[in-house]
Amino acid sequence: MTTQVPNKETTTGKSAAPLLKIEDVTVSFDGFKAINGLNFAMGGQELRVIIGPNGAGKTTFLDVITGKVQPTEGRALFKGKDIRSMPEHAIARLGIGRKFQTPRVYLNLTPRENLELSCVRTKTVWNALFSPTPKAEARTVGGLIETIGLSAKADIPAALLSHGEKQWLEIGMLVAQSPDLLLVDEPVAGLTDEETERTGELLLSLAESHGVIVIEHDMEFVRQIAQEQVTVLHEGSVLCEGSMDDIQSDPRVIKVYLGDPDAM
Ligand code: ADP
Ligand code: MG
């Protein structure tokens, strides 16, 4: 009789191939290594929080994934494909959507119109001519409006939304483009406590059908959304990975956050 050692894939039921794999990536800016021999992998239905003190390389890490910055060494694989030399728009089309800190929505249009535009942008000419009925389109937009919690405000100008509501709308606009991986950089900066909690719920629900990477500084929010694995970056490398409890009691993590008492 053979004894099967359960691995992560069989115990969680998630597929074996990682959605994103970063192999020994280094990014040098004039000799300074903003990213230094970084290794990272995550699956397709996972919300991964990345934390780390200022200057750890978090934003540069996202820049590598989206193709804004090219690795000096190493490679990045998305769905098994080497994206290292691909231009940003090609990587986006492969299925990576990035949410920036400032919402980029059309303020004079309604949330519904903003979402309709995002859906249309991703359609090929072929699709636009032959396939989806206007009804199917409306269902998608309607579903998204519900997901982001803006049903009551779907038809007022986006200018009248709160900061948090604009953030959710922008997340909805990203999702409308059907990415496999969503990258979200500090989504709760400037939000009220209630908006912060609802943002966490939204990101968790999106992680049921997408890979989601959240870069975050607000530790209370990290505790709300953290799943099995949290990744800590420090000086351009992964310092450690583990559950929120493991991370918070790890002496190395406590040490790198000592200069930043607000952070933990
Ligand atoms: P984080 O987002 O974790 O605060 P960043 O990725 O923004 O960190 O930056 C990591 C380090 O790389 C910092 O020391 C920063 O000053 C440096 N850095 C980032 N971008 C550049 C650049 N374009 N040129 C030179 N140095 C950079
Ligand atoms: Mg940053």
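1. Asp24 sits in strand E1, which covers residues 20-29. Its phi is positive, about 50 degrees, although Asp24 is not a glycine. Most residues other than glycine have a negative phi. At 47% relative accessibility, Asp24 is partly exposed, because partly exposed covers the range between under 20% and over 50%. Bear in mind that this is a predicted model.

2. Glu186 belongs with Asp24 as a backbone point to check. Phi of Glu186 is again positive, near 45 degrees, and Glu186 is not a glycine either. The setting is a loop, between strand E7 (181-185) and helix H8 (193-206). Glu186 has 22% relative accessibility and counts as partly exposed.

3. Next, ligand 1. Which residues are around ligand 1? They are Phe29, Phe32, Ala34, Pro53, Asn54, Gly55, Ala56, Gly57, Lys58, Thr59 and Thr60. By class, the shell holds five nonpolar residues, five polar ones and one that is charged. Strand E2 (32-42) and helix H2 (58-66) each provide at least two residues of this shell. The most come from H2, which gives three.

4. Now the polar pairs at ligand 1. Gly55 has a backbone N or O atom 2.8 Å from an oxygen atom of ligand 1. Lys58 also places a backbone N or O atom 2.8 Å from an oxygen atom of ligand 1. Thr60 uses its side chain: a polar atom there lies 2.6 Å from an oxygen atom of ligand 1. Ligand 1 on its own would expose 570 Å², and the protein buries 58% of that area.

5. Helix H2 deserves a point of its own. Is H2 mostly covered or mostly uncovered? It is mostly covered, with eight of its nine residues buried. The buried residues are Lys58, Thr60, Phe61, Leu62, Asp63, Val64, Ile65 and Thr66. Lys58 and Thr60 are thus on the buried list and also in the shell around ligand 1. After H2 comes Gly67, with a positive phi near 85 degrees.

6. The largest pocket has a volume of about 750 Å³. Its lining counts 25 residues. Nearest the pocket centre are Ala92, Ile96, Gly97, Leu174 and Gln177. Four elements each supply at least two lining residues: helix H3 (88-94), strand E6 (96-99), helix H4 (111-121) and helix H7 (163-176). Which of the elements gives the most to the lining of the largest pocket? H3 does, with six residues. The lining divides into nine nonpolar, eight polar and eight charged residues.

7. Lys166 lies in helix H7, one of the elements that line the largest pocket. Is Lys166 buried or exposed? Lys166 is buried, because its relative accessible area is 19% and buried means under 20%. Lys166 and Leu150 are 16 residues apart along the chain, and 9.7 Å separates their C-alpha atoms.

8. Thr231 is in strand E9, residues 230-234. Its relative accessibility is 0%, so Thr231 counts as buried. What joins the side chains of Thr231 and Arg48? A polar contact of 2.8 Å does.

9. Asp250 falls in the loop between helix H10 (244-248) and helix H11 (251-257). With 14% relative accessibility, Asp250 is buried. A polar atom of the Asp250 side chain is 2.8 Å from the backbone nitrogen of Arg252.

10. Val256 is in helix H11, the helix that follows the loop of Asp250. Val256 counts as buried, at 18% relative accessibility. Val256 and Glu235 are 21 residues apart in sequence, and from C-alpha to C-alpha they are 9.7 Å apart in space.

11. To close, some points to look at in the model. On the backbone, look at the positive phi of Asp24 and that of Glu186. At ligand 1, look at the Thr60 side chain, with its polar atom 2.6 Å from a ligand oxygen. Among the side chains, look at the pair Thr231 and Arg48, in polar contact at 2.8 Å.

Methods:
Residues are numbered from 1 along each chain as its sequence is written. Chains are lettered from A and ligands numbered from 1 in the order in which they are written. This is a predicted model: local features need pLDDT of at least 70, side-chain atom pairs count only at pLDDT 80 or more; totals for chains, interfaces and linings use all residues. Side-chain values use heavy atoms; hydrogens and water are left out. A residue is near a molecule or strand if one of its heavy atoms lies within 4 Å of it. A polar contact is a pair of N or O atoms within 3.5 Å; within protein, one must be able to donate a hydrogen and the other to accept it, and residues adjacent in sequence count only if both atoms are side-chain atoms. Accessible areas come from the Shrake-Rupley method with a 1.4 Å probe; for residues, only the protein chains shown count as cover. Ala, Val, Leu, Ile, Met, Phe, Trp, Tyr, Cys and Pro count as nonpolar, Asp, Glu, Lys and Arg as charged, and the others, Gly among them, as polar. On a 1 Å grid over the protein atoms alone, a cavity is a set of points where a 1.4 Å probe fits but cannot get out, and a pocket is an open set with protein on both sides within 12 Å along at least five of seven lines; lining residues have an atom within 4 Å of a point. Grid points are joined across faces, edges and corners, and a volume is the space filled by probe spheres set on the points. Buried means under 20% relative accessible area, exposed over 50%, partly exposed in between (1.4 Å probe, protein chains only).
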